[in-house]
Structure formats: structure tokens, C-alpha cells
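Work through the exercises below with the sequence and the 3D structure at hand. Each task is followed by a solution in steps.

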Amino acid sequence: LLDAVEVTQEVQDLTQSVPLVARKPTIVRAYLRCGPTPVLVRGELRVARTPLGPWRTIASLGPAQLDPSRSGSSLADLRSRRADLGFSLNFRIPRKFTGAGTLWLRMGRIRRATTGTPMPSLAHLPVNTVTFRAPVSLRVRLVRLRYAMGTPPVTHEPGATDVDLIASWLRRAYPISQLDLTTTTVTATPAPPFNAAQINAQLIALRAVDISTGTDARTHYYGMVSDAGFFMRGLASGIPQTPQPGTVASGPTGPSTFGWDADGSYGDWYGGHELGHTVGRFHAEFCGAIGGAPLPLPERPAL
């Protein structure tokens, strides 16, 4: 049986409420069950750009463990399978099938991974459709703030790892097809330990000069501050009703793991969080967050 299908570009829910963006890497996850004993399977997905085909067959990226203790189609039933790629059949959609418009999907053959023996056919199941929206770009000017502290003074600024990881995080987590990221390094105007509101004021002034000399007015500015000298809590200069590139934000970065982040920099998700405010996103009202809005959050226009 097929419990659910999820088409994701990094962040998704079971109702497919997160828009799919054309030309962005796309994974289809199929959650199956087959009792009464566990079995390891491989499978095929069939896709087409019209309801009548032609249909293209895509092999799963790897096997999936079907366990009778993991079954059901509710969010609670699927939670353990969604948290582990080994419990779903996963398919990467070829780029030529991710252009703007509708994609038709249906399950193909399922076989035991060890013997190749066919499993019960899923061909009778309904065809699913998803829609890819026209490509959307996000333009970000990443400003690395330099400052000196101590006696003798020691200079601190974000490094290459911080830049690489925030670029990767934004490409994966944001509903965009392309990230146009540029960087610059400037000396912080206020004396340390400064706060994010002071840095945002500097960013607003810097952005005004850049726009007047030819920078694309759709560019969002984000200031990144190393925590090697002190920790500066992040802040956006506002939360507009619609995406406003003139709303800037800034936040800290460093190698802290927070008990789970072991890639060498937390500035990626921290920066993605603050930039989210500049496109009109509030905090979600759980885990003690304040200044939030009820879920589900309203959909926002293109960046």
C-alpha cells in the first residue's frame, strides 16, 4: 500500500503547501507499507508533463525498509519515516521535468531489493500532480562586519566557511531557483560591543549608496558578525507586509554547535532566519518564541 507521497525541494508538508519552484532540485518521497514482515525494496516512479505522456521511468535512489510497525497515512504515523530517508523510496526528478507547469506522477514497479522479486503492483493507484512555479531568484548582499577588541586589539570577521554555508542553506531552504549572492567586508562603524540595530543602520546607509550607484534595487542586505569577540543577537530592521529589500537584517556567526550543528558555522540558519523577517515572515508561535503569528503562516508574494 502507498500511505503518502511527498514532493519536496528541502522543506515541505504532507499537503504540499510549500510551493515548488521551477528548475530547483526536487525529490519525491514515497511512503509504502507491506506486511506482515519487514522487507527491503527498490522501486520506480513514472513521470510525465502531460496526462497522456510520454511517461519517463525513474529508479529510486536506494532501497527502502518497509516495516509493519511503521504504517499509516497520518502525520503521526509518518513521522518516523519522514525523519529517516531509509524508510521511504526516494526519487530525484530530472531537471527537464521541473520546468514551470504541471508534473504528473504515478508509482511504477516495486521489487525486493535482495532478489528482484516483484511486489504487488501499485499501477492501479491514482495519478498525482504537482505544479512548478516560474523560477524565482533571491538577491543577497552579504556584508561581513570587521571589528577589533582587546589589548592588544585582535581583529574579528566572518570567514569563508560562514559565507559558503549560508549560501548553501539559502539555496536549499528557500523556495528559490537561483541565489545571486555577492559579498563585501566593511569595518563596523559603532564601537564593539555593538548591537544589531546599530549594524542595521550602517547597512541601510551602505545599501542606499550602492543602489544609487547601480546595485539592483531588489537586493536584500544581511550583515554577518563573528562571535569571536562577543555575541551580537540578530535582528531585522522590520517585518514588512510584503517582501521589502530595503528592510535589512544582521546576525552573529561562529563555530558553536548548539548541541547539534556540527558543520562549523551556525551563521547559515541564523542568517536565513533573520532574512526571513525581511520578506514578511514572523516567528512561529511555539517553543517559547515571541512576536509570532498563528500557523499556518500566509503565503507571501515572490521575492
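**Exercise 1.** Which elements each supply at least two residues of the lining of the second largest pocket? Describe the pocket as well.

Solution. The model is a predicted one.
Step 1. Start with the volume: the second largest pocket holds about 350 Å³.
Step 2. Find its centre. The pocket is lined by 18 residues, and those closest to the centre are Gln 9, Glu 10, Pro 25, Thr 26 and Ile 27.
Step 3. Assign the lining to elements. At least two residues come from each of β3, β7, α2 (160-173) and β12 (178-187).
Step 4. Sort the lining by class: six residues are nonpolar, six are polar and six are charged.

**Exercise 2.** Determine the strand order of the open sheet that contains β3, and say which strands stand at its edges.

Solution.
Step 1. Count the bridges on one side of β3. Strand β3 covers residues 27-32, and six bridges join β1 to β3 in an antiparallel run.
Step 2. Check this pairing on single residues. Val 5 has Ala 30 as its bridge partner in β3, and Glu 6 has Arg 29.
Step 3. Turn to the other pairing. Strands β3 and β7 are joined by four bridges and run antiparallel; here Ile 27 stands opposite Arg 92 in β7.
Step 4. Put the pairings together. The order is β1-β3-β7, an open sheet of three strands with antiparallel pairing.
Step 5. Read off the edges. β1 (2-8) and β7 (89-92) each have a single partner strand, so one side of each is left without a neighbour in the sheet.
Step 6. Add the geometry. With direction ignored, neighbouring strands of this sheet are turned by 15° against each other on average.

**Exercise 3.** Which helix packs on this sheet, and which strands does the helix touch? Is β3 mostly covered or mostly open?

Solution.
Step 1. The helix is α1 (residues 75-82), which touches β1 and β3.
Step 2. The direction of α1 makes about 120° with that of β3.
Step 3. For the cover of β3, count its buried residues: five of the six are buried, and the strand is mostly covered.
Step 4. A general point helps when viewing the model: in a regular strand, side chains alternate between the two faces of the sheet.

**Exercise 4.** How many cavities of 30 Å³ or more are there, and what lines the largest cavity?

Solution.
Step 1. The count comes to one cavity of 30 Å³ or more.
Step 2. The largest cavity has a volume of about 50 Å³.
Step 3. Its lining has 10 residues, and Leu 2, Val 5, Arg 106, Met 107 and Asn 128 lie nearest the centre.
Step 4. Two or more lining residues come from each of β1 and β8 (101-112). β8 gives the most, with three residues.
Step 5. By class, the lining of the largest cavity has eight nonpolar, one polar and one charged residues.

**Exercise 5.** Is Thr 247 buried or exposed? Locate the residue and list its contacts.

Solution.
Step 1. Thr 247 is in the loop between β14 (235-236) and β15 (249-253).
Step 2. Its relative accessible area is 13%. Buried means under 20%, so Thr 247 is buried.
Step 3. Leaving out residues up to four places away in sequence, Thr 247 touches Ser 237, Gly 238, Pro 240 and Thr 278.

Notes
Residues numbered from 1 in each chain as written. Predicted model: local features only at pLDDT ≥ 70, side-chain atom pairs only at ≥ 80, totals over all residues. Heavy atoms only, no water. Pairing = 2+ DSSP bridges. Axes fitted to C-alpha atoms, helices over the stretch in contact; angles between N-to-C directions. Contact = heavy atoms within 4.5 Å. 1 Å grid on protein atoms, 1.4 Å probe; cavity = no way out; pocket = protein on both sides within 12 Å on 5 of 7 lines; lining within 4 Å. Points joined across faces, edges and corners; volume = space filled by probe spheres on them. Nonpolar A, V, L, I, M, F, W, Y, C, P; charged D, E, K, R; others polar. Buried < 20%, exposed > 50% of the residue type's maximum accessible area, 1.4 Å probe, protein only.
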